[in-house]
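Colleague: Got a minute to go through this model with me? I'd like to start with the cysteines and then move on to the rings.

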Amino acid sequence: TTRFDDYMKARWLQHKAEGQAVETTLRANEEFEALFGRGYLPVEEYRCEDAEIVVVISGSAVGTCRAVIDTVREQGHRVGLVKLKMFRPFPRELIRKALKGRKKIAVIERDLSVGQCGIFCQEIKWALNTNVDHEFTPIYGFIAGLGGLDITPALMEKAIHFTMNEDPPRQEILWLGLREGEISEEYS
């Protein structure tokens, strides 16, 4: 074999192993939960039981977003939250299950695949719209908090209301907070 063959085989083995990592994580979570009475799933849902619109978010902004979801629920809107805790391998089937049947999805994230959209948004589009037999679910990709800026409750609520009230965006990116309280497609 050549070094190119070895490289190709190594990448295939890495891909195969990574594909098994979600199942391994779920088994480890079951063992942990049996021992300690609590678990930590790679994808967690909050108030999603009847949600038409779901916000997908991760990291430190999740706690703030839970409070915003509660506020928007008190206003009479059926909104939920999906906390993404695993990125690689991307938990495609868990995301599909959590987001199946939703009217719209808002992804608020602190990252950017320059020239494309947010990295989570890109992965969620792939997960929901690859090898499926349903119609495309509108996904609104919001970029916020880059460079350490806060993703405030007001910005989160604006993103949720924009998702509820507006048609799917023409652009791949909706910028949150470039100016105070702004949602802008102009800068994409």
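Modeller: Happy to! A disulfide is a pair of cysteine sulfur atoms within 2.5 Å. This is a predicted model, where local features need pLDDT of at least 70, side-chain atom pairs count only at pLDDT 80 or more, and totals for chains, interfaces and linings use all residues. Residues are numbered from 1 along each chain as its sequence is written, and side-chain values use heavy atoms, with hydrogens and water left out.

Colleague: How many disulfides does the structure hold?

Modeller: Zero. The sulfur of Cys48 has its closest cysteine sulfur in Cys65, and at 10 Å that is too far for a bond.

Colleague: Is Cys48 buried or exposed?

Modeller: Buried, with a relative accessible area of 3%; buried means under 20% relative accessible area, exposed over 50%, partly exposed in between, using a 1.4 Å probe and protein chains only. Cys65 counts as buried too, at 1%.

Colleague: On to rings: how many aromatic pairs are there in the whole structure?

Modeller: Six. Rings of Phe, Tyr and Trp (its six-membered ring) pair if their centres lie within 6.5 Å; planes under 30 degrees apart count as stacked, over 60 as edge-to-face and the rest as tilted. Tyr140 and Phe162 have ring centres 6.3 Å apart and planes at 80°, so they are edge-to-face.

Colleague: And are Tyr140 and Phe162 buried or exposed?

Modeller: Both are buried.

Colleague: Which residues form an aromatic cluster?

Modeller: Phe32, Phe36 and Tyr40 form one.
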